[in-house]
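Grab a pencil and work through the exercises below. Try each task before you read its solution.

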Amino acid sequence: MRQTKVYVCTCITCGTGMQTIYVLGHRQPDTDSIASAIAYADLLGKVREGSYVAGRCGEINSETQYVLNETNLPTPTLIESVEPVVGDIPFLYPQQAPNDMAAIDVAALMDEHDVRNIPIVDSDNHLLGLVSEHGLARAYVSPHASQPLRVGPISTETLARILQAEIVHLAHSSLDGQVAIVIDALHVSLSRLGSQDVAIVGDNEPAQLALVSAGIGAMIIAEGAPIGERLHDAAKSRQVTLLKTDLDAFSVGRMIHLSHPATAIMGTDVEVVHMDDSLSSATRVVTNSPYRTACVVDENYCLLGMISRNSFVEEIHKSVILVDHNEFAQAAEGIEEAEVLEIIDHHRLGTISTLRPIQFRNEPVGSTSTIITLRYIEEGVTPSKEIATLLLAGVLSDTLVMKMSTTTARDREAVEYLSSLAGRDPLEFGSTLIQKGMDLDQVPLHELLIRDVKEYTLYDKKVIIAQIMTASDQYHSSHDDEIREELTEIRDNTGADLYIVLFTDVIGQVSYLYAAGDAGLINGIGYEIQPVELPGVMSRKKDYFPVFGQKLRSVL
């Protein structure tokens with residue numbers, strides 16, 4: 001089993017001929033991020049042309065999973081990278097040939113479709129090899145003289161078609177044996193040829209009759225030489241197949257080389273790639289291939305198509321819409337190579353830049369789910385009960401049931417609108433959500449400290465701030481020593497100048513801060529005695545970050 005990162009192939013996924021556009025939240029998905037992605041993909045599918053798919057860039061937390069279970073909505077597709085992959089190539093060369101197809105017919109197929117290579121497959125579509133122009137040329141020029149000329153196994157009718165020959169008498173439906181061009185030294189040929197073998201002769205009736213009498217399998221009369229009645233009768237009597245062609249004897253020999261099945265001349269050193277291989281790696285494979293080609297196969301080695309250097313002429317990107325974030329550090333891997341079509345967010349402006357103007361909506365509200373709800377209203381679309389419940393959960397989760405200082409009048413309006421559609425009491429539903437998301441003892445401490453993080457670069461310092469929502473101050477009090485030790489190790493592993501975690505008591509409306517970093521820096525900003533109690537600090541973004549930024553600037 002191939003172990004690989006999860007990539008998603010846009011042109012294959014939708015199956016409609018339309019490019020798939022992914023709606024993605026950030027790498028540490030919370031309920032607001034997941035709700036926004038699912039709901040916005042749902043809305044766009046109703047009001048725009050195209051195929052819109054909700055994605056996620058990380059694992060679902062317990063709170064979000066509870067909401068998905070409640071609504072019976074599917075978990076978004078896991079997308080670890082939006083770097084373009086082989087599956088994003090809009091066109092794969094579909095040409096292929098069965099392993100028993102004659103080489104000359106493979107050549108005709110190549111000429112018909114103007115390609116230089118044809119993959120060869122077995123009856124189950126497994127890739128066997130590749131017939132190339134070079135391989136065909138070698139077959140036509142013929143092998144070394146020491147190698148005996150052979151034919152088949154091939155049907156007599158197919159051989160006749162290849163040789164542009166008339167079947168004068170059919171004694172064998174197929175042929176498989178040695179071939180001899182009989183010009184002189186008839187006795188040598190008579191001693192070598194058996195009942196399965198084929199003789200190529202010209203206008204020499206004694207030689208013709210002698211060969212038939214010897215009991216060969218078939219005779220090819222070259223250069224349009226006449227076939228006498230005696231030869232015809234003898235062939236019938238001895239069950240010898242007779243073919244007649246206008247080709248000269250040596251041309252017949254060359255064409256017989258091309259009558260061999262494709263497997264006889266195919267190369268087996270063909271390069272293969274898979275649909276989820278990155279486009280950059282596939283480009284290197286094709287460039288280094290002696291055929292300047294690679295075959296695309298699935299996990300069972302079945303052929304899906306072929307790519308060549310022409311496959312990379314046009315730039316290929318995944319198309320994405322970002323929700324609940326607008327910074328490279330929080331986006332899916334490979335975002336620099338994706339085409340960002342739109343951003344909807346409620347955080348500060350980040351670092352993502354685009355090559356062309358895009359739709360960008362950034363509002364100072366408590367959740368992105370609020371903005372998505374407004375989009376439904378603006379489009380005149382009423383969300384389903386399931387989507388309304390999901391969006392309601394997104395707003396309540398990000399505003400801590402409307403208690404966060406980031407909560408606005410628009411958030412309250414959205415909650416009123418959504419709760420009526422969902423048939424849910426917002427206080428009861430929100431309390432249940434918080435409880436589902438705070439089952440902290442079931443989660444390893446290390447995972448808690450890295451699960452909900454934001455990374456910032458401030459005054460040339462790398463700062464990571466994690467936030468853990470709790471229902472009281474009991475958790476951090478009972479794990480104080482473990483938190484300090486684990487935080488120091490995480491900070492060392494991440495290379496952060498400061499790694500901060502806020503344990504936010506939703507009920508008590510207070511946060512408790514732990515920090516790991518350079519002792520001088522820690523002391524300079526007043527964090528030498530930990531945990532630091534921060535009354536009223538509920539929002540990392542609005543309540544804590546601006547004050548912290550001022551403190552950090554004052555000591556640098």
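**Exercise 1. Find how α13 and α14 pack, and which residues meet.**

Step 1: Helix α13 (residues 385-398) packs against helix α14 (residues 409-422) at an angle of about 145°, and their axes are 8 Å apart. Axes here are lines fitted to C-alpha atoms, for helices over the stretch in contact, and angles run from 0 to 180 degrees between N-to-C directions. Helices (H or I, at least four residues) and strands (E, at least two) are DSSP runs, numbered from the N terminus.

Before going on, a word on the model: it's predicted, so local features need pLDDT of at least 70 and side-chain atom pairs count only at pLDDT 80 or more, while totals for chains, interfaces and linings use all residues. Residues are numbered from 1 along each chain as its sequence is written, and side-chain values use heavy atoms, with hydrogens and water left out.

Step 2: The crossing of α13 and α14 is left-handed, meaning the near helix is turned anticlockwise from the far one by less than a right angle.

Step 3: Now list who meets whom (contact means heavy atoms within 4.5 Å). From α13 come Lys385, Ala388, Thr389, Leu391, Leu392, Val395 and Leu396, and they meet Asp411, Val415, Leu418, Ser419, Leu421 and Ala422 of α14.

Step 4: Sort them by class: nine are nonpolar, two polar and two charged. In this scheme Ala, Val, Leu, Ile, Met, Phe, Trp, Tyr, Cys and Pro count as nonpolar, Asp, Glu, Lys and Arg as charged, and the others, Gly among them, as polar.

**Exercise 2. Is threonine 373 buried or exposed, and what does threonine 373 touch?**

Step 1: Look for threonine 373 in helix α12.

Step 2: Threonine 373 counts as buried because its relative accessibility is 1%. The cut-offs are under 20% relative accessible area for buried, over 50% for exposed, and partly exposed in between (1.4 Å probe, protein chains only).

Step 3: Leaving out residues up to four places away in sequence, threonine 373 touches Leu391, Ala414, Tyr417 and Leu418. Its side chain also reaches the backbone oxygen of serine 369 at 2.8 Å.

**Exercise 3. Lay out the open sheet of six strands and find its edges.**

Step 1: Read the order as β3-β2-β1-β16-β17-β18, with parallel pairing. Two strands pair if DSSP finds at least two bridges between them.

Step 2: β3 (77-78) and β18 (359-362) are the edges; each has a single partner strand, so one side of each has no neighbour in the sheet.

Step 3: Follow β2 (residues 51-56). β2 pairs with β3 over two bridges, with arginine 56 opposite leucine 78. β2 also pairs with β1 over five bridges, where valine 23 stands opposite alanine 54.

Step 4: Check the cover on β2: five of its six residues are buried. Helix α2 (residues 31-47) lies across β1, β2, β16 and β17, running at about 175° to β2.

**Exercise 4. Hunt for unusual backbone spots.**

Step 1: Keep the usual case in mind: most residues other than glycine have a negative phi, and most peptide bonds are trans.

Step 2: Asparagine 72 has a positive phi of about 60° and sits in the loop between α3 and β3. Its relative accessibility is 69%, so asparagine 72 is exposed.

Step 3: Leucine 400, in the loop between α13 and α14, has a positive phi near 50°. With a relative accessible area of 3%, leucine 400 is buried.

Step 4: The peptide bond from glutamine 530 to proline 531 is cis, with omega near 0°. Proline 531 is in the loop between α19 and β23.

How values were computed:
Polar contact = N/O pair within 3.5 Å; in protein donor to acceptor, adjacent residues only side chain to side chain.
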